[in-house]
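This report takes the surroundings of the ligand as its starting point and moves from there to the sheet and the nonpolar core.

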Amino acid sequence: AAIEKGGYDHFMIKEIFEQPQTIFDSLRGRLDAKKGTLTMGGIREYADMLKNANRIIIVACGTSWHAGLVAEYMIEELCRIPVEVEYASEFRYRNPVVGPGDVIIAVSQSGETADTLVAIESAKEKGAIILGICNVVGSSIARASHAGAYTHAGPEIGVASTKAFTAQLAVLCLVGLMVAKEKGAITPQRFQHLLDELENVPEKVATTLELNEQVKNIAAKYKDARDFLYLGRGYNFPVALEGALKLKEISYIHAEGYPAAEMKHGPIALVDENLPVVFVATKDSYYEKVVSNIQEIKARKGKVIAVITEGDTIIPGMADDIIVVPEADELVAPMISVIPLQLLAYHIGVLKGLDVDKPRNLAKSVTVE
Ligand code: G6P
């Protein structure tokens with residue numbers, strides 16, 4: 001088992017550290033930034049259907065649902081096509097309005113999640129086109145889809161998903177860019193810029209992983225907190241949700257992810273000197289707004305841990321702890337900003353002496369409804 005873990009203590013941390021490679025593998029053969037080209041073999045023949053879709057509905061569960069949420073922001077912005085993101089379990093039971101002209105994208109690491117599988121089967125019967133984004137080749141969801149694109153994260157053993165998530169983000173970004181290009185919804189300059197940005201992600205993730213020891217120290221400082229709040233806006237809102245989910249899964253600490261502005265409508269009541277609030281506050285179009293949200297937390301004596309972009313001179317003067325990540329376009333930033341949150345959950349779990357690879361009550365893939 002020690003050999004399988006490649007010298008790491010747990011599969012989870014091994015898989016976290018694999019991400020520069022697994023993101024690269026998920027882009028490889030598809031993206032060529034130098035040539036300015038993008039090819040998605042598996043779904044190319046559905047490109048017309050995608051660009052003319054009435055709407056795109058993303059169905060998924062758990063961490064894959066969070067990847068879908070990032071994709072909603074991305075595809076709507078790049079392609080100007082309405083996107084909905086649905087929990088597969090809710091979608092399948094509520095007799096949704098779906099039919100020809102709708103494209104369903106099912107996102108699933110295992111490709112075996114029962115709710116997601118049944119959701120796409122019923123949407124298919126109603127005439128929708130189904131695209132699968134799965135990690136496991138030949139899995140049930142991959143087979144039930146009309147076409148798809150695999151993530152190339154390799155086998156994920158840790159029950160809490162890490163490298164599959166960033167691979168999903170990479171592939172969903174490729175899909176969004178492909179459709180935007182086909183539709184003529186993106187300028188050549190922006191297209192090229194995003195290809196370059198995507199290509200640079202693996203290296204920036206590698207740089208972010210160098211923060212491991214620092215994140216471990218932050219973990220030691222906050223590991224006994226009873227609750228955590230995770231806040232972000234825009235592309236970083238789903239990252240906040242994912243950070244909270246990771247912490248819950250691995251450390252059994254209650255955590256909530258929220259859109260930073262929405263906290264005023266409830267969670268702010270929880271803020272006192274004992275509440276750590278993790279802000280995903282990288283430099284993007286929402287940055288100024290997030291800074292005022294941090295002020296609102298500090299005014300109520302909450303402890304702020306902020307994931308920020310290098311060169312930020314404002315938040316370091318406000319936050320209790322900062323984690324500085326490389327600059328990136330906001331569309332690709334979630335692949336980078338989620339890394340410290342995965343590490344934080346991991347280290348808190350380990351410091352609490354928990355079985356981080358196999359958290360209680362959780363299953364790697366949920367094949368029952
Ligand atoms: C389980 C796993 C999660 C995963 C979710 C969806 O809850 O523990 O890590 O995100 O299922 O799984 P899928 O294989 O469909 O992505």
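## Ligand surroundings

In this predicted model, 16 residues lie around the ligand, and those that come nearest are G62, T63, S108, S110 and T113. By residue class, the shell around the ligand comprises ten polar residues, five nonpolar ones and one that is charged. Helix α4 is the element that gives the most to this shell, contributing three residues.

## The parallel sheet

Five strands make up an open sheet with parallel pairing, and their order is β4-β3-β5-β6-β7. Its edge strands, each of which pairs on one side only, are β4 and β7, the latter spanning 147-148.

Towards one edge, strand β3 (residues 55-60) runs parallel to strand β4 (residues 83-87), and five bridges join the two. The chain passes from β3 to β4 through helix α4 (residues 62-79), in a β-α-β crossover that is right-handed. Among the residues paired between these strands, A60 has Y87 of β4 as its bridge partner.

At the other edge, two bridges join β7 to strand β6 (residues 129-134), and these strands also run parallel; here L131 has A147 in β7 as its bridge partner.

## The nonpolar core

The largest nonpolar core contains 133 residues, within which I104 and F279 have the most contacts. Helix α8 (residues 163-183) gives the most to this core, supplying 14 residues.

When neighbours within four places in sequence are left aside, I104 is in contact with I57, V59, I120, A123, A128, I129 and I130. Of these partners, I57 and V59 fall within the residue range of β3, while I129 and I130 fall within that of β6.

Methods
Residues are numbered from 1 along each chain as its sequence is written. This is a predicted model: local features need pLDDT of at least 70, side-chain atom pairs count only at pLDDT 80 or more; totals for chains, interfaces and linings use all residues. Two strands pair if DSSP finds at least two bridges between them. Helices (H or I, at least four residues) and strands (E, at least two) are DSSP runs, numbered from the N terminus. A crossover is right-handed if, with the strands pointing away from the viewer, the path from the first strand over the helix to the second runs clockwise. A residue is near a molecule or strand if its C-beta atom, placed from the backbone, lies within 6 Å of it. Ala, Val, Leu, Ile, Met, Phe, Trp, Tyr, Cys and Pro count as nonpolar, Asp, Glu, Lys and Arg as charged, and the others, Gly among them, as polar. A nonpolar core is a set of buried Ala, Val, Leu, Ile, Met, Phe, Trp, Tyr and Cys residues joined through C-beta atoms within 7 Å. A residue is buried if 20 or more other C-beta atoms lie within 10 Å of its own, exposed if 12 or fewer, and partly exposed in between; C-beta atoms are placed from the backbone. Two residues are in contact if their C-beta atoms, placed from the backbone, lie within 7 Å.
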